[in-house]
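Got a minute to go through this one together? I'd like to see what stands behind each label.

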Amino acid sequence: MKILFFILFLLYTMSLWGQHQAPAPLFRDPITDGAADPVLIWNRTEKNWWMLYTQRRANSETADVAYCYGNQIGIASSDDHGQSWVYRGTLDLDIEPGHNTFWAPDVVYHNGKYHMFVSYIQGVRNHWSGNACIAHYTSKNLWDWKYAGKPQINSNIIDPTLYRTPDGTWKMWYKDQNRGSVTMMAESKNLKKWITHDQPAIGGNAHEGPKVFRFGNYYWMITDEWQGLRVYRSTDLNTWEKQGLLLDKPGKRFQDTPQGAHADVVVAGDKAYIFYFTHPGRKSHTETRNDESGNLPYQYRRSCIQVAPLTIQDGLLICDRNSDFDFYLPNEED
């Protein structure tokens, strides 16, 4: 029996040779312990991978959800293809006096510049409230950002995701909180002037955090339903076919519980990786329980970033967060 066990262990070990194991968690903010809403992009200046994220103030003893306001956009970088991440600081994005709130950036590279579209709310609030907009910035190095205005979309909107269509048109999807928290879409030829569409791109139950990407022979959109990530499939970026949920069951890796939330996806050749955040101190993503002071305890506030593989099986997008997988972010060409 011991010999058989040794042989099985040896075969398992050999199967992992040559693989790059993803750390769990992938990243934990060393300043506030509240990393959420990640987006990844290749830094053409430093020649490494950058992760921008909402730096929630999880280690602050404040009323209710105030730790989710007054956030900056945090930065972590990786020089070893995603195996380790170093906290680098926060971005200077202030566009008016005071202590204000930034959430959920998306970053694209176009015509020699990085363009960041990020959720913005004036001030800091104790409870979920406030009228949000999307702020546009440009940069040549991902460090120094110039404010470029706000898309003229007259609504309470957050969580932008951008994708350039084959004909060169930019599409931006976002959560519209004035329309029942569904996903709307706007189009632009130059990332400056936007034409909005009256009908939801994705309707149905309330959700947030849309992310659009191409993988295999399809375009995909994932949205955060606070019980896992809903999947939609398209062949034209206009009509979307609803599929099931990803990351809706607790993971078995360290701090990879409960459901996955607000994610980004990196497609590297024939592989795709989903980057998401979890609240490892909660039994479910929406579990909250304020104490006698009206504060949400630290165990419910803290969050971290995880990564898992995506695959396509019979036309369905699949994610096995508990699997052994090869995690490697290749360098990108300029």
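Q: What makes strand 7 largely enclosed by the rest of the structure?
A: This is a predicted model, and in it seven of the seven residues of strand 7, residues 133–139, are buried, so the strand is largely enclosed. Buried here means under 20% relative accessible area.

Q: Which residues of strand 7 cover one side and which the other?
A: Cys133, Ala135, Tyr137 and Ser139 sit on one side, with Ile134, His136 and Thr138 on the other. They are all buried, and both faces of the strand are covered.

Q: Why does threonine 138 count as buried?
A: Its relative accessibility is 13%, and the cut-off is under 20%, so threonine 138 makes the buried class.

Q: What does threonine 138 touch, leaving out residues up to four places away in sequence?
A: With heavy atoms within 4.5 Å as the test, the list for threonine 138 is Lys113, Tyr114, His115, Asp144, Trp145, Lys146 and Ala148.

Q: How do you know that strand 6 and strand 7 pair?
A: Pairing takes at least two bridges, and seven join strand 6 (residues 113–121) to strand 7. Therefore the two count as paired, and they run antiparallel. One of the matches puts methionine 116 against tyrosine 137.

Q: And what about strand 7 and strand 8, how many bridges are there?
A: Three bridges, in the antiparallel sense, link strand 7 to strand 8 (residues 146–149). That clears the minimum of two. Tyrosine 137 turns up again here, standing opposite tyrosine 147 in strand 8.

Q: What lies between the two strands of that hairpin?
A: Six residues separate strand 7 and strand 8. Leucine 142, in the turn, has a positive phi of about 75°.

Q: Zooming out, how do you know that the radius of gyration agrees with a compact globule?
A: For 334 residues, a compact globule would come out near 20 Å, and the chain has 20 Å, so the two agree. Along its principal axes, the C-alpha trace spans about 70 × 55 × 40 Å.

Q: What share of the chain is buried, and how many helices and strands does the chain have?
A: Buried residues are 55% of the 334. The chain has two helices and 20 strands.

Q: What about contacts that reach far along the sequence?
A: Take contacts between residues at least 6 apart in sequence: 53% of them join residues at least 24 apart.

Q: How do the charges sit?
A: There are 34 positive and 37 negative side chains, and the centres of the two sets lie 2 Å apart.

Note on methods: Residues are numbered from 1 along each chain as its sequence is written. This is a predicted model: local features need pLDDT of at least 70, side-chain atom pairs count only at pLDDT 80 or more; totals for chains, interfaces and linings use all residues. Side-chain values use heavy atoms; hydrogens and water are left out. Helices (H or I, at least four residues) and strands (E, at least two) are DSSP runs, numbered from the N terminus. The radius of gyration is taken over C-alpha atoms; the globule rule is 2.2 Å times the number of residues to the power 0.38. Buried means under 20% relative accessible area, exposed over 50%, partly exposed in between (1.4 Å probe, protein chains only). Lys and Arg count as positive and Asp and Glu as negative; His and the chain ends are not counted. The place of a charge is taken as NZ of Lys, CZ of Arg, CG of Asp or CD of Glu.
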